[in-house]
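Student: Could we take a close look at chain B? I would like to know how it is put together, and what it touches.

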Amino acid sequence: MSGEGNGAGWLSRVYARYGISGPVALLLLVLLLGVPLLPGEYWTHVGTEVLILGLFAMSFNLLYGYMGQISFGHAAFFGVGAYATAMLFTALKTPAGQIGIPQFFLSLLIGPPVAALIVGFFCVRLTGIYFAMLSLAFGELLFYIVFSWYSFTKGDDGIQGLLPPPLFQDAVNFYYLTLVIVVAAAVVMWRITESPFGYTLRTLRDNQRRAAFLGTNVMVHMLANFVIAGAFAGLAGALWGPFSRSVNPVLLGWGESGIAVFMTLIGGAGAFIGPMIGSVIYTMLQAMVKMYTVYWPLTIGTIILLIVLFAPGGILGVIDKRIRAGRSGQSANGGDAEAAARGAEPRP
Amino acid sequence: MDIGPYVLQLFSGLSRAMVLFLLSAGLSLIFGVMNILNFAHATLWLLSGYVTFSIFTFLSERLGASPWMLLPAIAGTVALMMLAGLALERFLIRRTYERELPEQLLLTFALVLILGDLIKLVWGLENRRINLGVQPIEMLDSLVNPYQFVIVGTGVAVAAGLWYFLHRTRFGKIVRAAVYSRSMVSALGIPIPAIYAMVFAMGVGLAALAGGVFLPLLPMALGEDLDIIVQCFAVVVIGGFGSMLGTFVASIVVGVVYSFSILFWPDGALAMIFLIVIAVLIWRPWGLFGTELRY
């Protein structure tokens, strides 16, 4: 491991500045830019899925990694975002069956922050296991509303035929659109987590009572973060509708919420980019495993079990630990301590 | 007014309530004593249903078909599942006692996925049901399946037994004390790991009993566990973690509200339950019968 520190000097500096997330994010971006070069449309589709679900998982990690609260109803906002877009699509599209580009972007922007505000208003009164259960209850409530309100949401039939504007009907173009939106969203999220607000969230995670003594308005901060996380989840959902050309109530269910939890755990909640790495691994693995067996839950369940037992920090957590051990073993100077401090890990 | 449908829904609601009670009692005990929220509780229940079915079928083939074969089948399942519970606690759950809450939740959630798929692997996609061949009896303008009385009776008997166990036996008193202060119980020289193992096995045993008793009423189907575990969470939240009386009352509320909602708003029955849960969590997060101490 020690060789990595010297071998790539600039990479090492990026690591020192941004922690494990920096170099990983750069490498990932390069790889993602090249995905459409792979033969066949299949991998472009998988790549789009990786990006959308990765954004969803990163929004979940704002709550879990940074605020220390586990939500089992996060998919509600993903689903509300998907449905909001779907309905705007249906309402705005021209008789020819397609909508203009301005309306398309408008429909991506209007979404679930309102839903997150209402749900969050109740959820942030509680923490720990009660937060988890209340978010689950709200998520399932929204699921059943969408599921049974047939006249408004078409119930379990879902809404089909969500064609994006002609320019983006091509898989490669849609992939790059998704990439641009997801990268922009990730940059905004990174800014939020590195702002004073982001550090207040870490304080709330580590010791809520002490934060309150210091004069932090705990509920307002938690609610604000809940709405932010909900908005980004909604953005991911808004991309999902035109990507899969349809929406259905399952998008709001707790199975979908579980996906965000799994991705975050696999990649590592301790790194900003962790959930996206989790999404790469989860989605690719799913695409491959499903070719051979129907027992996907058994596979992913075993993986989760092993990660919880043996690698609680996820993939990036394990790598980061080894790099740190290598670097500090090599040269025990103050610069490394500073690097470790600037890495600003969400969860050690 | 024709009260027939309402009587029918009341009885089906009560039998549903008893199954929920058997499961939630174990869930609540395990959480109260060990601080572990066992997502896989209903999956163990589902597994027990399939195991009971297999033992019942085996016994019926060897010794001749008879509804009474259900009794040894249930007893065998409870014993097997309690052993499985001991093993689970020893080899998996025990490793997470010192971990953070999300990791404990994820471990048991992983068990849901693994056990669910193992059931599919062993028993296939087909639903399992035991047909006891009992004729419905006419009562208050409706045809009631008399087996529902057996379920309600079992539930009430277990509730009484649990009350006696928790309040009148030495081990039960230790369990209740552990709910309040594990460190104090440990300081008195009582081996906490042994208490944990026994409480977990007991909870799984109750779930196994529920699985066996449920089988002649409704078919066991894959995915049923997810529906039920969410309702069990609703029960323990409404009743209050660690409170047996609360769990019993909340089971009846959830079971009856569920079966009456089906009459009026079939798709929204669970939505009704979540509304109650949300109201309770906002108004009294520690539950109707729980104490603020544990919150």
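**A close look at chain B**

Tutor: Happy to! In chain B, 77% of the contacts with a separation of 6 or more are between residues 24 or more positions apart. Please keep in mind that this is a predicted model. As for burial, 49% of the 295 residues in chain B are buried.

Next, the building blocks. Chain B contains eleven helices and two strands. If you walk along its sequence, you meet them in the order α-α-α-α-β-β-α-α-α-α-α-α-α. The radius of gyration of chain B is 19 Å, close to the 19 Å from the globule rule for 295 residues, so chain B is as compact as a globular protein of that length. Along the principal axes, its C-alpha atoms fill a box of roughly 60 × 50 × 35 Å.

Now try zooming in on a single residue. In the loop between α1 (4–34) and α2 (41–63) of chain B you will find B:Asn35. Its phi is positive, about 65 degrees, although B:Asn35 is not a glycine. Most residues other than glycine have a negative phi. How exposed is B:Asn35? B:Asn35 has 16 C-beta neighbours inside 10 Å, so it counts as partly exposed; a buried residue would need 20 or more.

What does chain B touch? In chain A, 34 residues are in contact with 30 residues of chain B. On the chain A side, α8 (128–148), α14 (254–267) and α16 (296–310) each supply at least two residues. The most comes from α8(A), with 15 residues. By type, the residues on this side of chain A divide into 27 nonpolar, five polar and two charged.

Since chain A is the partner, let us check how confident the predictor is about chain A. Its mean pLDDT is 80, and 86% of the residues of chain A reach 70 or more. Residues 1–6 of chain A, though, have a pLDDT below 50, and this stretch has eleven contacts in the model beyond near neighbours in sequence. For residues 332–344 of chain A the pLDDT is also below 50, with seven contacts beyond near neighbours in sequence. Where pLDDT is low, the predicted coordinates should not be read in detail.

Finally, here is a residue of chain A to set beside B:Asn35. A:Arg245, in the loop between α13 (218–244) and β2 (246–247) of chain A, has a positive phi near 65 degrees and is not a glycine. With 13 C-beta neighbours inside 10 Å, A:Arg245 counts as partly exposed.

Key. Residues are numbered from 1 along each chain as its sequence is written. Chains are lettered from A and ligands numbered from 1 in the order in which they are written. This is a predicted model: local features need pLDDT of at least 70, side-chain atom pairs count only at pLDDT 80 or more; totals for chains, interfaces and linings use all residues. Helices (H or I, at least four residues) and strands (E, at least two) are DSSP runs, numbered from the N terminus. The radius of gyration is taken over C-alpha atoms; the globule rule is 2.2 Å times the number of residues to the power 0.38. A residue is buried if 20 or more other C-beta atoms lie within 10 Å of its own, exposed if 12 or fewer, and partly exposed in between; C-beta atoms are placed from the backbone. Two residues are in contact if their C-beta atoms, placed from the backbone, lie within 7 Å. pLDDT is the predictor's confidence in each residue, from 0 to 100. Ala, Val, Leu, Ile, Met, Phe, Trp, Tyr, Cys and Pro count as nonpolar, Asp, Glu, Lys and Arg as charged, and the others, Gly among them, as polar.
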